[in-house]
Amino acid sequence: MPLDVVRSAFAWLVAGPHPVSVDGSLFDGFPDRRVRVDEVRDLLLRRTCPQSVRDAVWTHLVRLARTEGATWTVACAGIALPALLNVASKLTARFADDPSDIHSSVLTGFLAELATIDLSRPRVMVRLRWAACRAGHAALREALDTPAPSAIAIASASPTAAWGHPDFVLARAVEDGAVSSSEADLIGLTRLEEVPLAAVAEQRGVSYEATKKARQRAERRLVLYLRDDVGPVSRNTSESGVQGCERQPIASPHTSSPDVPAPPSSTTPEVPRCA
């Protein structure tokens, strides 16, 4: 599997007498010494690690990957591997066919974003994960849209349903043109990642009111999109998979924010937090 290859390559980076490392003195809370990249990964995964430190470390890593090439690209992928595996496993949890292409797309989406991501904006890793999620979801949709041969007759069989998750609902909405990638990021950051709307507005250089109205417009379109059951996968009647999550991507925020349009159902259950 592609992500297993990343794990193996990352292990080689920290093997031997001269492991790949960063200067820990550059970052608050890190040891004042050279820190191996696997230790960097573990430090970033700690719940007590401040977001500002995560952003500083990821900004440094991405710049190294861009300037020094392959070794640091592998290091970035290896440090991000827990998040990439989480995305890939959710996408393929109920996918009966070979998941290699989907795992490969998750990795490709991450690496492509690594080369272009705006390092002046906060939550670098969150946005890298979003890119990986969108790419993997696109590959999953393509696989699900391909008819599977039936053993009973010469006809097409329904594909196995994919796993439901708010990230994937937003990714599907972007693919189908219901919301833009920027609008999906806005909803994902403020609703799923719980980044304050004021912080996102400041980071984007837009007023709080303008940002709030932009989110309201995007969420109205998202609700209409989900309510109308548009998109090829959402027409499946199964209660599991991507389509099974379609009516509850932003349930929790709606119950606490009066400025957002009502969801399709007043009894929409709480959705799981993002990985």
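Here is a short chat about the cores and helix packing in this predicted model.

Colleague: Which helix gives the most to the largest nonpolar core?

Modeller: That core has 50 residues, and Trp58, Trp72 and Phe110 have the most contacts inside it. Helices α1, α2, α3, α4, α5, α6 and α7 each supply at least two of its residues. The one that gives the most, with eight residues, is α7.

Colleague: How many of the 22 residues of α7 are buried?

Modeller: Going by its ends, α7 reaches 32 Å from its first C-alpha to its last, close to the 32 Å expected. Buried here means under 20% relative accessible area. On that cut-off α7 is mostly covered, and the count of buried residues is 17.

Colleague: Leaving aside neighbours within four places in sequence, which residues is Phe110 in contact with?

Modeller: Phe110 is one of the residues with the most contacts inside the largest core. With those sequence neighbours set aside, its partners are Trp58, Cys76, Ala77, Ala80, Leu84, Met125, Leu128 and Ala132.  There's also a second, separate core of 19 residues, which includes Leu189, Val195, Leu222 and Tyr225. Back at Phe110, the partner list ends with Ala132.

Colleague: How are α1 and α6 oriented to each other?

Modeller: Pro2, Leu3 and Val6 in α1 meet Ser100, His103, Ser104 and Leu107 in α6. By class, that contact has four nonpolar, three polar and no charged residues. The two helices pack at about 55°, with their axes 7 Å apart. α1 and α6 are therefore oblique.

Note on methods: Residues numbered from 1 in each chain as written. Predicted model: local features only at pLDDT ≥ 70, side-chain atom pairs only at ≥ 80, totals over all residues. Heavy atoms only, no water. Core = buried A, V, L, I, M, F, W, Y, C linked by side-chain atoms within 4.5 Å. Buried < 20%, exposed > 50% of the residue type's maximum accessible area, 1.4 Å probe, protein only. Helix = DSSP H or I, 4+ residues; strand = E, 2+ residues; numbered from the N terminus. Contact = heavy atoms within 4.5 Å. Axes fitted to C-alpha atoms, helices over the stretch in contact; angles between N-to-C directions. Parallel < 35°, antiparallel > 145°, perpendicular 65-115°, else oblique. Nonpolar A, V, L, I, M, F, W, Y, C, P; charged D, E, K, R; others polar. Expected span 1.5 Å × (residues − 1).
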